[in-house]
Amino acid sequence: MTRIAVVTGGARGLGLAIARLLADRGHALVLVDRDDAVRDTAEQLRTASAVVADLTADEDVRRVRDFVRETHGSVDVLVNNAGITRDARLATMAEADFTAVVEVNLLAAMRLTFALEAELRDGSSVVNMSSRAALGNFGQANYVASKSGLIGFTRGLALRWSPRVRVNAVAPGLIDSPMSRAMPPRVLDGLVARIPAGRIGEPEDVAKAVAFLASDDASYITGQVLTVCGGRSIAP
Amino acid sequence: MRPVLIRPADPRSLDEVGDGLRAAFVTVRDAVAEGRPVVILVRAGDLLGHHSVYGAAYANGLAGIARAAGFEGARAGWQVNVVALPDEDAGDEEAIITAVRDLGLTGQVLTLGAGLAGKVIP
């Protein structure tokens, strides 16, 4: 039976890498993004359909749920990947920027997950995209709070939905992306030099971790955080 | 200087999680600007999701704020920490808050009691 996976933030970047790998492994996909580009992404992947939605809005969340219900009936994998950044030093960070990041990265993921509770099949898996930054990062109090909150959500939900649904989180470190490529080369080189693995992460590194947690190979794993950072989280 | 104390109420909805985190962020931002230490009190069990999903998201979000402040403000002398209290009586809270201030820590999550012994480090 074809497994159904919902991936948020699926238009590009990490979400696209996750979608590609899950498609390669036989999943039918529902890609959700507020960026129209998600339609092109879905077309390229062939086994995917797209829903353009803003998951901070209740009506859009209901629309995603209705689409999933009508198109597939149930869900095997939910990947809460959609996220934004609004970086600023804590002392000058605007309240609105704090709220916006928490809304998208944390509350929207919780809202969609709760909305899909009835559609998540027995034995299904939720994977929340946290970040190594949940341990602390410069100029990202909003992002750190949201990604740390997502770890709490993961643990709390894992305890409540076990054994029917597994809930885990992946916490990527520095990953090759338009954002990392926009850094001054000297800054980027300095960050990479502190990674024990000796290289920047690729989106596929993260996608493999997500695919593992989504699969039956991880059937005894719930409420956990898999950190994919090349060892950065334990380095001096 | 007496620390600014954040003692969150138990959230019962997504809105309360968001509002609580926003309010805590503003309190921390304003406190460090004034050079005041901050102590955030949470229930230890909330860090691992023992009480409610909302409480878990909230408590860990608060820990994130403390860690971010610790990461960013250590050199400037900011002191923002989380104390995770046991579900049973924690003892003299005033003494705990004073002790945390006097230790000069920042960005830490200090778990009191034995309730989380043998569990994941929050």
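User: In which loop is the place of R7(B)?

Analyst: A residue can be placed by naming the elements on either side of it. In this predicted model, R7(B) sits in the loop that runs between strand 1 (4-6) and helix 1 (14-33) of chain B.

User: Which residues does R7(B) touch, not counting residues up to four places away in sequence?

Analyst: Setting aside residues up to four places away in sequence, R7(B) touches L41(B) and E93(B). A distance between C-alpha atoms can be read as well: R7(B) and A23(B) are 16 residues apart in sequence, and 11 Å apart in space, C-alpha to C-alpha.

User: Which residues touch the most other members of the largest nonpolar core?

Analyst: The largest nonpolar core has 67 residues, and those touching the most other members are L106(A), L21(B), V28(B), I40(B) and I65(B). Helix 3 of chain B supplies the largest share of this core, 10 residues. Apart from it lies another core, of 31 residues, including A5(A), L21(A), L29(A) and L31(A).

User: What does I40(B) touch, again not counting residues up to four places away in sequence?

Analyst: With residues up to four places away in sequence not counted, the contacts of I40(B) are I6(B), L62(B), A66(B), V80(B), N81(B), V82(B) and V83(B).

User: How is empty space found, and how much lies in the second largest pocket?

Analyst: The general idea is that a probe the size of a water molecule, rolled over the atoms, shows where empty space is left. Here, the second largest pocket holds about 460 Å³ of space. It is lined by 22 residues, and the closest to its centre are L135(A), R155(A), R67(B), I121(B) and P122(B).

User: Which element gives the most to that lining, and how do the residues of the lining divide?

Analyst: Helix 5 of chain A gives the most, with three residues. The elements giving two or more residues are helix 5 (141-161) and strand 7 (225-228) of chain A, together with helix 3 (53-73) of chain B. By kind, the lining divides into 10 nonpolar, nine polar and three charged residues.

User: What can be read from the backbone at P163(A) and R46(A)?

Analyst: Look at the backbone angles. The peptide bond from S162(A) to P163(A) is cis, with omega near 0°, and P163(A) is in the loop between helix 5 and strand 6 (165-172) of chain A. R46(A) is not a glycine, yet has a positive phi of about 65°. R46(A) lies in the loop between helix 2 (38-45) and strand 3 (48-52) of chain A.

User: Why does R46(A) count as exposed?

Analyst: The cut-off for exposed is over 50% relative accessible area. R46(A) counts as exposed because its relative accessibility is 75%.

Note on methods. Residues are numbered from 1 along each chain as its sequence is written. Chains are lettered from A and ligands numbered from 1 in the order in which they are written. This is a predicted model: local features need pLDDT of at least 70, side-chain atom pairs count only at pLDDT 80 or more; totals for chains, interfaces and linings use all residues. Side-chain values use heavy atoms; hydrogens and water are left out. On a 1 Å grid over the protein atoms alone, a cavity is a set of points where a 1.4 Å probe fits but cannot get out, and a pocket is an open set with protein on both sides within 12 Å along at least five of seven lines; lining residues have an atom within 4 Å of a point. Grid points are joined across faces, edges and corners, and a volume is the space filled by probe spheres set on the points. Helices (H or I, at least four residues) and strands (E, at least two) are DSSP runs, numbered from the N terminus. Ala, Val, Leu, Ile, Met, Phe, Trp, Tyr, Cys and Pro count as nonpolar, Asp, Glu, Lys and Arg as charged, and the others, Gly among them, as polar. Contact means heavy atoms within 4.5 Å. A nonpolar core is a set of buried Ala, Val, Leu, Ile, Met, Phe, Trp, Tyr and Cys residues joined through side-chain atoms within 4.5 Å. Buried means under 20% relative accessible area, exposed over 50%, partly exposed in between (1.4 Å probe, protein chains only).
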